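Reader: I would like to go through this model by contacts and burial. Short answers, please.

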Amino acid sequence: MLLAEHDSLLHHYIPHCQSLLEHLLETRAVIGGFSVLSFLLRDPSIRSHSLEIFVPASKSEQLEQLLDEDEELLLGVPTTSPYPCLNSPVTLACITRVTTFDTLNDRSITIYTSTSETALDPVAASPVTALNSWLSLYAFGCGYPILTLNRHSIVRLLVDFIFELLLLYTQLDHNGFNISAELHLWNDWGRHVDPAASETQQPCLCAWNICPDQGRFFGDAGSLLTVFDLVGHEHGHFRLQQQLPYGLGICWRFLSDRRPCTSLCREADPLLPPSVHVMPAVLVDQTYTLRAMI
């Protein structure tokens with residue numbers, strides 16, 4: 001059923017999706033945004049006008065060339081602009097440019113180039129937890145499944161008027177999402193925590209892996225990370241080819257514009273468990289950079 005939903009999602013944008021999937025696999029790109037949200041919730045009405053794809057910095061031009069030269073996809077002439085761009089369907093950090101291809105069915109494919117060597121960097125930097133998810137040919141991940149599957153989303157406070165963020169929040173609200181920057185105000189979570197003793201703090205929800213100050217990564221106890229066929233796939237090949245769910249990952253803290261939690265998440269919470277080791281920064285050459293947000 002999952003694979004059927006996977007194919008149905010892609011057929012919504014292009015009739016021949018297999019070659020597109022092969023291009024994504026070759027460039028270690030992933031699908032994200034509202035397209036993946038519709039896949040997770042089994043709700044086609046959430047699909048956006050454009051199929052949103054995220055690609056590592058060094059693979060961006062290769063992916064764009066593959067799509068441009070693939071006659072089977074029948075895509076229009078691509079248009080490229082530096083990021084940010086107005087009226088973008090997703091508003092994300094960690095992106096350097098955006099390239100859009102029109103499709104024959106009056107939809108489009110949008111390529112977001114990551115600032116680093118993992119396509120997950122902009123996914124983890126989403127200003128809303130509802131879009132902290134991705135989908136590849138063989139696997140998919142969701143950073144906050146306990147919220148997303150119940151149509152809840154943490155959002156950043158709108159300190160200043162930002163049209164793109166307001167548009168994003170409106171889209172979530174239109175699709176039945178309960179959005180908030182203060183999780184304890186939701187009745188289903190607020191009753192599980194003690195109120196903060198100080199007005200300068202907010203209750204911590206790290207026990208449920210949904211505290212915005214908490215260190216997170218795809219594959220931790222609070223996330224969803226799996227492949228479509230756990231038995232049939234050759235995981236050794238995945239590791240060798242650095243294909244998700246293996247290869248470069250990403251760590252993050254949501255860190256919304258809110259008061260810190262009552263725990264020490266923001267100052268002392270480890271991003272990774274003791275059994276996992278990470279180097280904060282590795283510079284191999286001018287085209288390869290690994291960043292860890294610690």
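Reader: Is Asp220 buried or exposed, and what is its relative accessible area?

Author: This is a predicted model. Buried means under 20% relative accessible area. Asp220 falls under that cut-off, so it is buried, with a relative accessible area of 13%.

Reader: Which residue forms a salt bridge with Asp220?

Author: A search of the whole structure finds 3 salt bridges. In one of them, the closest N and O atoms are 2.6 Å apart. The partner of Asp220 there counts as buried, at 0% relative accessibility. That partner is Arg216.

Reader: Over the face of which residue does Arg216 lie?

Author: Arg216 has a salt bridge with Asp220. Arg216 also sits over an aromatic face, at 4.8 Å from the ring centre. The ring belongs to Tyr144.

Reader: Which residues form one aromatic cluster with Tyr144?

Author: The structure holds 5 aromatic pairs. Tyr144 belongs to a cluster, and its other members are Trp134, Phe218 and Trp252.

Reader: Why is the pair of Trp134 and Phe218 edge-to-face?

Author: Planes over 60 degrees apart count as edge-to-face. The ring centres of Trp134 and Phe218 are 6.2 Å apart. Their planes stand at 90 degrees, so the pair is edge-to-face.

Reader: How many residues apart in sequence are the parts that Trp134 and Phe218 tie together?

Author: Both Trp134 and Phe218 are buried. Trp134 lies in strand β6, and Phe218 in the loop between β10 and β11. The pair therefore ties together parts whose separation in sequence is 84 residues.

Reader: What does the side chain of Arg253 reach, and at what distance?

Author: Arg253 lies in the loop between β12 and α10. A polar atom of its side chain is 2.9 Å from the backbone oxygen of Cys265. The side chain of Arg253 also reaches the backbone oxygen of Asp213, at 3.0 Å.

Reader: Which parts of the chain does the salt bridge of Arg151 and Asp43 link?

Author: The side chains of Arg151 and Asp43 meet at 2.9 Å, N to O. Arg151 counts as partly exposed, at 23% relative accessibility. Asp43 counts as buried, at 16%. The two are 108 residues apart, and the linked parts are the loop between α6 and β8 and the loop between α3 and β2.

Reader: And where do Glu64 and Arg97 lie?

Author: Their side chains meet in a salt bridge at 3.1 Å, N to O. Glu64 is buried, at 11%, while Arg97 is partly exposed, at 22%. The pair links distant parts of the chain, 33 residues apart: Glu64 is in helix α4 and Arg97 in strand β4.

Reader: Why is α3 largely enclosed by the rest of the structure?

Author: The buried residues of α3 include Gly33, Phe34, Ser35 and Phe39. Counting through the helix, α3 is largely enclosed because its buried residues number 9 of the 9.

Reader: What phi does Arg42 take?

Author: Arg42 lies over the face of Phe39, at 5.0 Å from the ring centre. Arg42 comes just after α3. Its phi is positive, at about 55 degrees.

Reader: Which residues touch the most other members of the largest nonpolar core?

Author: This core has 28 residues. Elements that each supply at least two of them include α1, α2, α3 and β2. Leu20, for one, touches Leu10, Leu51 and Leu73, among others. The residues that touch the most other members are Leu20, Ile53 and Ile109.

Methods:
Residues numbered from 1 in each chain as written. Predicted model: local features only at pLDDT ≥ 70, side-chain atom pairs only at ≥ 80, totals over all residues. Heavy atoms only, no water. Core = buried A, V, L, I, M, F, W, Y, C linked by side-chain atoms within 4.5 Å. Buried < 20%, exposed > 50% of the residue type's maximum accessible area, 1.4 Å probe, protein only. Helix = DSSP H or I, 4+ residues; strand = E, 2+ residues; numbered from the N terminus. Contact = heavy atoms within 4.5 Å. Phe/Tyr/Trp six-rings, centres within 6.5 Å; stacked < 30°, edge-to-face > 60°. Lys NZ or Arg CZ within 6 Å of the ring centre and 35° of its normal. Polar contact = N/O pair within 3.5 Å; in protein donor to acceptor, adjacent residues only side chain to side chain. Salt bridge = Lys/Arg side-chain N within 4 Å of Asp/Glu carboxyl O. Lists of a residue's contacts leave out its neighbours within four places in sequence.
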